[in-house]
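Thank you all for coming; I would like to walk through one structure this morning, taking a few regions in turn. Please have the sequence and the 3D view open while I talk.

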Amino acid sequence: MLDHVLGRPSVKSRRLQVLAVLAFWSFYLFKGHRHGPPFVRYLSKISSKVLTTWQTVVFTMMYLYASRNFSTLVGLASPEPMANMYDAKYFRATWVLTALDAGFWTAMKIKKKWLRDIASLVFSAFYLIAAERADEKVRKVRGALTIEHLRVSWNKGTTPYLRAAQNLMRPRFTRWPPRAIRIPRPSTSDYKEPVSGWLYYDGPISDLEHINKMILDIPGGGFVAMDPRCNDDKLFAWAGKTGLPVLSLDYKKAPEFPYPYALNECFDVYTTIIRSKGRCIGMSGMEITSVVVTGDSAGGNLATAMTLMVLESAINRRQSSSQAELPAPDGLILLYPGLDMNIGNWMSDEQMSLIKDRRMRITNKNYLRRKSMQYNDLVGTPHQSDDDDEDPSSLTAGAKSSKLSGSAIDDSGFLDPHPEYSHANRQTWAKSPKSPAPVSKEDTKSMSHRPEPMRTRLAMASMISYFNDRVLAPEMMRAMIILYIGPHNRPDFSQDYLLSPILAPDYLLQKFPKTYFLTGERDPLVDDTVIFAGRLRRVKHAVHSQRSSQGMNGLEDITDFDEKDVAEVVLIPGISHGFTQFPTLYPPAWKLIDRCAHWAVDLLNTAETRRMSEWQSMSQRHHARAESSGDEDRPLEISVTRKAKAQQNGSEQTEEGGETNEPNGNLKKKRVNARNGSGRGTRSIVKLNSSDDLLGRRMQGLAGTLTGAHDED
């Protein structure tokens, strides 16, 4: 109470208050009467005739417990926000995670590591019992987060006791432990330091000579924490179930290495794998390596941005013809990715149209229903559903009722919102160059402003809808973004699609490989998944429609477009973020991890089948060209065909960027220049330099608080 009276709550003032209370009662017990004040002695004399000492202690504890929960007993307790947030299994997992976070944060200031590890478990056991105290502890810490808090929370799985328990409870997927590995940088990179990683493979390294497929995993951790060993459960399962090598990158973390250092690391590793044909991890290097890229949370952001960089570099290299084109990954698997660093409150009509696409109604049904219920949950009254918005009968009924009530309906059939806010002059916004709708005489007399109606129901962003999430809170997102960007970098949140891949331009999305998305419906980042997948479908559908109308590439009809060849989204009901990182606490995650392994195998097999079909079709075209001159005179055929073939081969190499076909069906890229370009013309186009920040002092203050640069008051 004293800190509130002083108007400056702090840990020091509360500590002084506790010490003062303890000193007072210690002095009274030492100097005062041993049986207490006279009134207490009288009550003690009476109660001792009825109650024993044990009964007195129990009665006192019962009274204290009842007084603390008085509001609950009489029905005045506040509503429980977590009542309908998660399903039972996931809620139990978050209960344990919250207790662990509270316990580890409580013990994080103990200097001796062995004592800190033991104390963390002891405090966590206490918070498992005192769950409300754990929630309060976590809430207060999240209000003043630092980089140390984030790393202690997310790296707790690497502590010796938790790791030992995790190893005992995990099924045995592989016989071989993971190997630490360092991947060299390509010659086109501006950096020279190798990139660290861990290779998960169920077999000796020598067996990799017979494999030309792999999984490249980019782990999450908010860009600031969590190395691959924090994801042992998932990575061991993938390596054991697929039989393929899984390379998980241990990229450099912010704030020591802010944006875009980690992104360039991922791009350089992918470039090295493709250029060396897998020799950097032990493959033979005789065949083109097929790569599927995976990423969870922040790793999903890096995986998507890295793919965009690959596509962009391929376009620029094709234009400059300075180097062989870098092929895109064979597919992506993104687990609850964070694709938008510009946290907003409201979703635009364009974003909602992607979500409400009829072709995705089954997948987004529950997700969309919860968005439409946001208004109803606040007001407590029923409202028109999203399905009714598209029902012609409902629009007709609404039109009839509006005539009776005096309200108006615009030309698209949406009811104008009420009440109408008055302004001095009537204001209008032109949305399109089409002619305005006729205005009645009653409308021309009115000076009230009728705000433009929303084309969708109240559509709040998932980050704000689930702001009280127990795994990923807005305070943590704020801290991660500030630390990732750094105090001396100010990117354009509305255009930088390598920071926010959700903003990627259409010309890159139309070349984006097939992507699987796996996200919880209650995840604060679920909007990123649904919107990005919707953009992929819409862009590729438009490209397919255009090619079909022009009769290009032998496409037949628009009906042969399959959206599952573009993106597949799986939304798990009743769960939130990070479920694949703690399958020992949330057992259903094992099935989801197994599903991801099947996705990776399907992507690699599909890519191999596509390459074989392309090689066969190309071979058939060559045979057709060779046999087309069979009816001609033999001497004329020989003399003309040789010259034609020479011209034809030259034109094919020019059009196809120097591609030739190997007998094994792989597509081999030929170097245009004999030397690897190391000059300025062949430097990496993905280097993203930071500029001097005009608001550097403000960002320095924010980042300094998070990194603990300022001393405690």
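Let me begin with strand β2, residues 195-200, which is joined by four bridges to strand β4, the two running antiparallel. Within that pairing, Trp 198 stands opposite Ser 248 of β4. Before I go further, I should say that this is a predicted model, and I ask you to keep that in mind throughout.

Staying with β4, what covers its two faces, or rather, which residues lie on each side? On one side we find Val 246 and Ser 248, on the other Leu 247 and Leu 249, and all of these are buried, so that both faces of β4 are covered.

From β4 we can step across to strand β3, since three bridges join β3 to β4, residues 246-249, and here the two strands run parallel. Two of the partnerships are worth finding on your screens: Leu 216 has Leu 247 as its bridge partner in β4, and Ile 215 is partnered in β4 by Val 246. As for how the chain gets from one strand to the other, after β3 it passes through helix α11, residues 232-242, and then reaches β4, in a β-α-β crossover that is right-handed.

On the way, in the loop between β3 and α11, sits Pro 228. Is Pro 228 buried or exposed? Its relative accessible area is 0%, so Pro 228 is buried, the cut-off for that word being under 20%. Pro 178 lies 50 residues away from Pro 228 along the chain, and the C-alpha atoms of the two are separated by 10.0 Å.

Now let me return to β3 itself. Strand β5, residues 290-296, also pairs with β3, through six bridges and in a parallel arrangement, and in that pairing Lys 213 stands opposite Ser 290. How many of the six residues of β3 are buried? Six of the six residues, 213-218, are buried, and therefore the strand is largely enclosed by the rest of the structure. In a regular strand, side chains alternate between the two faces of the sheet. Here, Lys 213, Ile 215 and Asp 217 lie on one side, while Met 214, Leu 216 and Ile 218 lie on the other, and all of them are buried.

Lys 213 brings me to the salt bridges, of which the count comes to 21. Lys 213 forms one with Glu 608, where the closest N and O atoms are 2.8 Å apart. This pair links distant parts of the chain, as Glu 608 belongs to helix α24, residues 589-627, and Lys 213 to strand β3, with their positions 395 residues apart. Lys 213 counts as buried, at 15% relative accessibility, whereas Glu 608, at 39%, counts as partly exposed.

A second pair, Glu 568 and Lys 514, has its closest N and O atoms 3.1 Å apart. Again distant parts of the chain are linked, with Glu 568 in strand β10, residues 567-572, and Lys 514 in the loop between α22 and β9, 54 residues apart. Glu 568 is partly exposed, with a relative accessible area of 24%, and Lys 514, at 19%, counts as buried. There is also a network, in which salt bridges that share partners join Arg 185, Glu 193, Lys 252, Glu 265 and Asp 268.

A further salt bridge joins the side chains of Lys 140 and Glu 136, at 3.9 Å from N to O. Both belong to helix α8, residues 131-143, and because they are four residues apart there, they are separated by about one helical turn. Lys 140 is partly exposed at 46% relative accessible area, and so is Glu 136 at 32%.

Finally, let me turn to internal space. The structure holds six cavities of 30 Å³ or more, and the largest has a volume of about 80 Å³. Among the residues lining this largest cavity are Gly 222, Phe 223, Ser 297, Ala 298 and Leu 525. Which helix gives the most to that lining? It is helix α21, residues 474-485, with three residues. Sorted by class, the lining has eight nonpolar residues, three polar ones and no charged ones.

Methods: Residues are numbered from 1 along each chain as its sequence is written. This is a predicted model: local features need pLDDT of at least 70, side-chain atom pairs count only at pLDDT 80 or more; totals for chains, interfaces and linings use all residues. Side-chain values use heavy atoms; hydrogens and water are left out. Buried means under 20% relative accessible area, exposed over 50%, partly exposed in between (1.4 Å probe, protein chains only). Two strands pair if DSSP finds at least two bridges between them. A crossover is right-handed if, with the strands pointing away from the viewer, the path from the first strand over the helix to the second runs clockwise. On a 1 Å grid over the protein atoms alone, a cavity is a set of points where a 1.4 Å probe fits but cannot get out, and a pocket is an open set with protein on both sides within 12 Å along at least five of seven lines; lining residues have an atom within 4 Å of a point. Grid points are joined across faces, edges and corners, and a volume is the space filled by probe spheres set on the points. Ala, Val, Leu, Ile, Met, Phe, Trp, Tyr, Cys and Pro count as nonpolar, Asp, Glu, Lys and Arg as charged, and the others, Gly among them, as polar. A salt bridge is a side-chain nitrogen of Lys or Arg within 4 Å of a carboxyl oxygen of Asp or Glu.
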